[in-house]
Amino acid sequence: MGSITWDRNTGWAGEPYWKEATFYQVYPASFKDSNGDGWGDLPGLISEIDYLEELGVDVIWVSPIFESPQKDMGYDVSDYQKIYEPYGSLENVDTLLREAHRRGMKVILDLVVNHTSQEHEWFRESRSSKTNPKRDWYIWKPARYIDGVRHPPTNWRSYFAGPTWTWDEHTQEYYLHLYAPDQPDLNWENEDCRRAIYDNTMRFWLDRGVDGFRIDTVNKYSKRQDFIDAPVTDANSPHQSAPEMWCNGPRIHEFIREMNDEVLGPYRAVSVGELSNTPNPEQVIPYVSAAARELDMVFEFSVIRLGTGNILGPKYIYQPFPLSRLKTLTEKWQSFVEGTDAWTTAFIENHDNARAVSRFGDTSTPEMWVRSAKTIALWQVTLTGTLFIYQGQEIGMTNMPSSWGIEEYKDVESSGFYAEAVASGDEERVRKTLHGLSLLARDHSRIPFQWDDSPNAGFTAAGATPWMRVHDDYRSLNVARQRGDPASILSFYKSALRLRKQHRELFVFGTFKLVDPEDESIFAYVKRDARGGSGKKAVVVLNMSGEEGRLGPDVTAAMDGDEPRLLVSTRGKEGDAKIKGGKPVMSAWEGRVYVNYE
Ligand code: NOJ
């Protein structure tokens with residue numbers, strides 16, 4: 001495949017390094033435990049940094065490691081400058097940074113500043129009295145009384161089911177929380193609060209050598225200030241979906257630009273924001289246009305949310321979707337940056353979603369599992385934008401077994417939706433919710449990483465009790481088994497990640513055009529060199545079905561008459577990569593890439 005000459009620090013053709021870097025998300029509680037307490041930690045992560053380097057990772061994103069009561073797995077921070085003890089210490093972070101930087105890798109942390117934990121000192125002060133100087137750092141409102149009965153200020157529904165307001169007995173007001181009651185929202189309208197966020201959370205870590213942030217819920221800092229009821233869309237609930245009230249609010253671009261100009265920019269820190277509820281490219285571009293000086297990139301969730309219901313409503317009532325939907329959404333979020341100075345991302349897993357191979361692939365047999373995981377890999381590595389991989393994706397980790405009961409689901413969101421279904425007294429709803437959770441719950445991606453076939457999958461000591469149950473299949477699905485096997489999913493990811501960089505002008509920077517958008521088995525697209533004017537083209541053909549012998553599109557025609565050369569097939573030497581009448585004859589769950597050059 002030739003050698004890689006890419007320099008991690010300078011990037012390609014004057015582009016910033018992070019555009020073609022491969023990011024890898026570590027969910028620290030579940031990655032590697034070094035001290036046998038059943039909870040992953042920083043020394044464990046540091047001990048596996050060579051593994052990440054070997055895989056081809058350039059930037060490690062570590063999900064929250066800060067002090068926290070862990071009501072939402074660290075997305076409820078009680079002290080931004082301390083490390084949650086089971087994860088380790090500040091010195092461990094320094095070591096992680098040193099070890100990563102020594103290898104030319106970078107590290108970004110999760111910045112969770114839409115809300116804090118209710119145990120954060122700022123909130124303790126804020127709730128202590130109505131006249132406390134930090135009262136206004138959170139969002140407090142008086143109750144509404146209807147017929148003498150106390151009601152929250154608005155009818156908004158929170159992410160984890162239930163209302164967005166919790167009553168505080170002591171000061172006799174409600175505070176706002178878009179997530180759990182334990183996660184009060186900060187008031188970004190208050191300038192002192194914003195300054196404290198920049199200093200206390202951002203500069204503190206950047207001064208310590210962190211390379212940037214994944215920014216949690218970045219588009220919810222500015223809320224509409226009229227605090228009115230949302231229209232009733234669910235007549236059976238007192239709590240209504242209301243993202244238009246608190247998402248992409250009137251001052252959002254001002255706040256993010258300020259954050260960039262005051263902190264991110266001066267430190268040249270890379271930023272990737274979590275941008276939910278924003279499925280319109282015209283609304284996304286202002287966040288990621290280079291000229292706007294806000295964020296380097298964002299995660300837009302249309303593709304990864306396929307199959308879920310309304311996230312502020314019946315999220316876990318599964319909604320089947322055709323392949324054509326996956327294809328057109330991919331095209332939409334690939335091509336929306338073409339001709340602009342904006343940038344996009346590619347990802348199909350994270351800690352808030354179930355496993356890709358279980359959702360978009362085929363786990364019905366070991367053979368189909370391997371094939372479909374590789375085809376998903378080929379899909380991802382040929383997409384334009386910065387690529388993000390989630391821990392375990394590279395070995396094809398799957399959802400928790402369907403035989404596991406609700407007691408194995410530990411996530412606050414899963415419990416919230418399940419409790420809501422049970423409280424409704426509607427058995428059908430409970431059954432459907434359990435089914436939806438078995439396909440889509442956030443828990444699936446949070447179970448311990450499978451390193452080897454020793455007890456507890458090598459995640460923690462043999463006699464320890466991991467915080468979440470280890471998958472039943474760990475003896476056959478683990479890193480050790482795949483590491484030395486050239487036909488494994490892991491080996492495929494390694495070579496595919498190298499291939500992505502060798503052909504960066506197509507895969508990282510190219511344009512994207514679907515071929516045969518209506519085909520419900522074959523996912524095919526053309527990538528073209530958009531910038532270099534080299535005339536290079538690639539046609540990616542993915543058989544997203546278990547059907548043998550499906551015909552792909554006419555590859556020569558897709559390349560405007562150029563002669564196609566096979567660059568790679570997920571079947572490698574096992575496949576015969578046949579072409580009939582110009583159309584690739586695809587094996588079940590096979591992926592191939594053709595290019596028009598040697
Ligand atoms: C998004 C995070 O990814 C998710 O895990 C968390 O529950 C919410 N934001 C709240 O911080």
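1. How far apart do the C-alpha centres of domain 1 and domain 3 lie? In this predicted model, the separation between the C-alpha centres of domain 1 and domain 3 is 30 Å, and the contact between them draws on 29 residues from domain 1 and 34 residues from domain 3. The domain assignment places domain 1 at 17-116 + 191-483, domain 2 at 121-176 and domain 3 at 508-597, and I would keep these bounds at hand when reading the points below.

2. On overall dimensions, the chain has 598 residues and a radius of gyration of 24 Å, which agrees with the value near 25 Å that a compact globule of that length would have. Taken along the principal axes, the box filled by the C-alpha atoms is roughly 75 × 55 × 50 Å. The secondary structure amounts to 18 helices and 23 strands.

3. On packing and surface, 62% of the 598 residues count as buried. Among the contacts with a separation of 6 or more, 72% are made by residues 24 or more positions apart. The accessible surface is about 21,700 Å², and carbon and sulfur atoms contribute 49% of this area. As for charge, the chain carries 68 positive and 88 negative charges, and the mean positions of the two sets are 3 Å apart.

4. R355 deserves a careful look, since this arginine counts as buried because its relative accessibility is 1%, where the cut-off for buried is under 20%. R355 sits in the loop between β14 (345-346) and α11 (356-360). Once the neighbours within four places in sequence are left aside, the residues in contact with R355 are E349, Y390, Q391, G392, Q393, M397, T398, N399, H444 and S445.

5. Two backbone positions may be examined together, and the background to them is that most residues other than glycine have a negative phi. N277, which is not a glycine, has a positive phi of about 55°; it is found in the loop between β12 (270-274) and α9 (281-288), and its relative accessibility of 26% makes it partly exposed. A577, likewise a residue other than glycine, has a positive phi near 45°; its place is in the loop between β20 (565-569) and β21 (579-580), and with a relative accessible area of 23% it is partly exposed.

6. Which residues of helix α8 (residues 252-264) are buried? They are I252, F255, I256, E258, M259, N260, V263 and L264, a list in which E258 and N260 appear alongside residues such as F255 and V263. In an α-helix there are 3.6 residues a turn, so residues three or four places apart point the same way. The cover over the buried residues of α8 includes β5 (106-111), α6 (191-207), β11 (212-215), β12 and α9.

7. Strand β5, named above as part of the cover of α8, contains L109. Is L109 buried or exposed? With a relative accessibility of 2%, L109 counts as buried, and, not counting residues up to four places away in sequence, L109 touches V62, I65, F66, W205, V210, G212, F213 and R214. L109 and L551 are 442 residues apart in sequence, and their C-alpha atoms are 44 Å apart in space.

8. R144 offers a second arginine to set beside R355, and it is found in strand β7 (residues 144-146). At 30% relative accessibility R144 counts as partly exposed, whereas R355 counts as buried. Leaving out residues up to four places away in sequence, R144 touches V149, R150, H151, P152, P153, T154, N155 and D229. One of these residues, T154, lies 10 residues from R144 along the chain, with a separation of 8.4 Å between the two C-alpha atoms.

9. A last position to check is A423, which lies in helix α13 (residues 412-423). A423 is exposed, because its relative accessible area is 67% and the cut-off for exposed is over 50%. The C-alpha atoms of A423 and F204 are separated by 44 Å, and the two residues are 219 residues apart along the chain.

Methods
Residues are numbered from 1 along each chain as its sequence is written. This is a predicted model: local features need pLDDT of at least 70, side-chain atom pairs count only at pLDDT 80 or more; totals for chains, interfaces and linings use all residues. Side-chain values use heavy atoms; hydrogens and water are left out. Helices (H or I, at least four residues) and strands (E, at least two) are DSSP runs, numbered from the N terminus. The radius of gyration is taken over C-alpha atoms; the globule rule is 2.2 Å times the number of residues to the power 0.38. Buried means under 20% relative accessible area, exposed over 50%, partly exposed in between (1.4 Å probe, protein chains only). Contact means heavy atoms within 4.5 Å. Accessible areas come from the Shrake-Rupley method with a 1.4 Å probe; for residues, only the protein chains shown count as cover. Lys and Arg count as positive and Asp and Glu as negative; His and the chain ends are not counted. The place of a charge is taken as NZ of Lys, CZ of Arg, CG of Asp or CD of Glu. Domain bounds come from an automatic or database domain assignment.
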